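Q: I would like to learn how to read the features of this model one by one. Could you take me through them, giving the general idea and then the case at hand?

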Amino acid sequence: PESLSEVNYNLQNAGVHYLVLIHDLATYLRIEWYLRHLATHPRVEVTSIGKSVEGRNIWLVHIMPATTCRGGRSAAVMPRHHQRQKHYRAAKARSIWLEAGLHAREWISVSVALQLIHNMVRECSVGRAVHVYVVPMANPDGYVYTWTHQRMWRKNRRRNHGSNCDGVDLNRNWDFQFGVGASSSPCSEIYQGPSSFSEPETQSLRDAMHQVNSVSKLMLVLALHSYGQLLLYPFGHTTEPAPHTPAMRRLGNIFAQHAKVGSGTVYDVMNSATGLYFSSGSTDDWAKGVLNTKFVYTLELRNKVTFLLNADQIFPTGQEVW
Ligand code: 0X9
Ligand code: ZN
């Protein structure tokens, strides 16, 4: 996208007639195609953790520790997850969980997750001793709907029983302080659903996170959202400090400093109830309150005024998070 105007200019200058057939290739199908391609990499496993309301797969990308990785693709015989764990470490392995695209219209979060995956797979220096798990598109039905019907759709695509309004806010549907900072009205943008974990998307995420946490302890859970340039730490239902708040603040400030130095983008590091608004039933609060994960954040990406970013913002946003 950053060279689009230059390409247009050069084609016009050279008198070349051209026709734009596809305005943006970053569609749902294109992303699935990329994930299928990614699965052929020796350090990567791509699995479906479940299906959405409309039956789409929810993909989980597992990037294995890079302990024997020396760059390139030479490590073609690198053993898979279970074999690998016993030969490289006696202690329990550790892991990181990244979630993106839980809110349909927050496209930049999906793009950033894909960039992070790409960089991690390419660079051996990262993830030497940790398993990295990424769900790049946690709400595929909503994502597709924002391309085909309504750009500003937020929720999943549940047809709510007894209502003309569709969708459940998947970041209000988790079973931690369920219903405290959310709406019980199906027409609300922050509709919590009929009960906690009523939705297949949140059920799949919950089960996969439990599973990962039991095999390799989750040290960091990071939920990518937009917008606002905020790094939020739990909880959302209270301004009372969650466990490990000083540590979360310290690490959060390191992130913010580096983002600022790298690209000048200012991220504020705050408690989510203070920094944004009161809300509950979210991924981050569940990870902190139920899994007791030490480092938990919601990262509200660029920018500070709108969900709609110019295409030339995609790459630099990924870079500053990387
Ligand atoms: O409201 C949300 O779900 C998140 N903001 S967004 O604009 N992306 O919708 C913030 C969630 C922060 N975390 C908690 N409140 N637990
Ligand atoms: Zn969001």
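A: We can begin with the metal site. In sequence, the donor residues of the zinc ion (ligand 2) follow the spacing H-x2-E-x118-H, where donors are N, O and S atoms within 2.8 Å of the metal (3.2 Å for Na, K and Ca), and since water is not among the atoms, sites may look incomplete. This is a predicted model, in which local features need pLDDT of at least 70 and side-chain atom pairs count only at pLDDT 80 or more, while totals for chains, interfaces and linings use all residues. Residues are numbered from 1 along each chain as its sequence is written, chains are lettered from A and ligands numbered from 1 in the order in which they are written, and side-chain values use heavy atoms, with hydrogens and water left out.

Q: Which atoms are the protein donors of the zinc ion (ligand 2)?

A: They are H103 (ND1), E106 (OE), E106 (OE) and H225 (ND1), and they lie 2.0 to 2.3 Å from the ion. H103 sits in the loop between strand 3 (94-100) and helix 4 (107-122), whereas H225 belongs to strand 5 (residues 217-226), so the pair ties together parts that are 122 residues apart in sequence. Helices (H or I, at least four residues) and strands (E, at least two) are DSSP runs, numbered from the N terminus.

Q: Are H103 and H225 buried or exposed?

A: H103 is buried, and H225 is buried too; buried means under 20% relative accessible area, exposed over 50%, and partly exposed in between (1.4 Å probe, protein chains only).

Q: How should I read the sheet, and in what order do its strands lie?

A: Strands of a sheet pair through backbone hydrogen bonds, either parallel or antiparallel. Here two strands count as paired if DSSP finds at least two bridges between them. Eight strands form an open sheet in the order 1-2-4-3-5-8-6-7, with mixed pairing. Its edge strands are strand 1 and strand 7 (268-271), each of which pairs on one side only.

Q: What joins strand 2 to strand 1, and how does strand 2 pair with strand 4?

A: Strand 1 (residues 44-51) and strand 2 run antiparallel and are joined by six bridges; E45 stands opposite H62 in strand 2, and V46 has V61 as its bridge partner there. Five residues lie between the strands of this hairpin, and among them G55 takes a positive phi near 90°. Strand 2 also pairs with strand 4 (residues 130-135) in the antiparallel sense, over three bridges, with I63 opposite V132. Strand 2 (residues 57-63) is mostly covered, five of its seven residues being buried.

Q: Why is helix 5 described as largely enclosed?

A: Seven of the nine residues of helix 5 (residues 140-148) are buried, so this helix is largely enclosed by the rest of the structure. The buried residues, including Y143 and Y145, pack against helix 2 (28-38), strand 2, helix 4 and helix 6 (200-215), contact meaning heavy atoms within 4.5 Å.

Q: Where in the backbone are the cis peptide bonds?

A: One cis bond joins S226 and Y227, with omega about 0°, and Y227 is placed in the loop between strand 5 and strand 6 (230-233). Another joins P234 and F235, again with omega about 0°, and F235 lies in the loop between strand 6 and helix 7.
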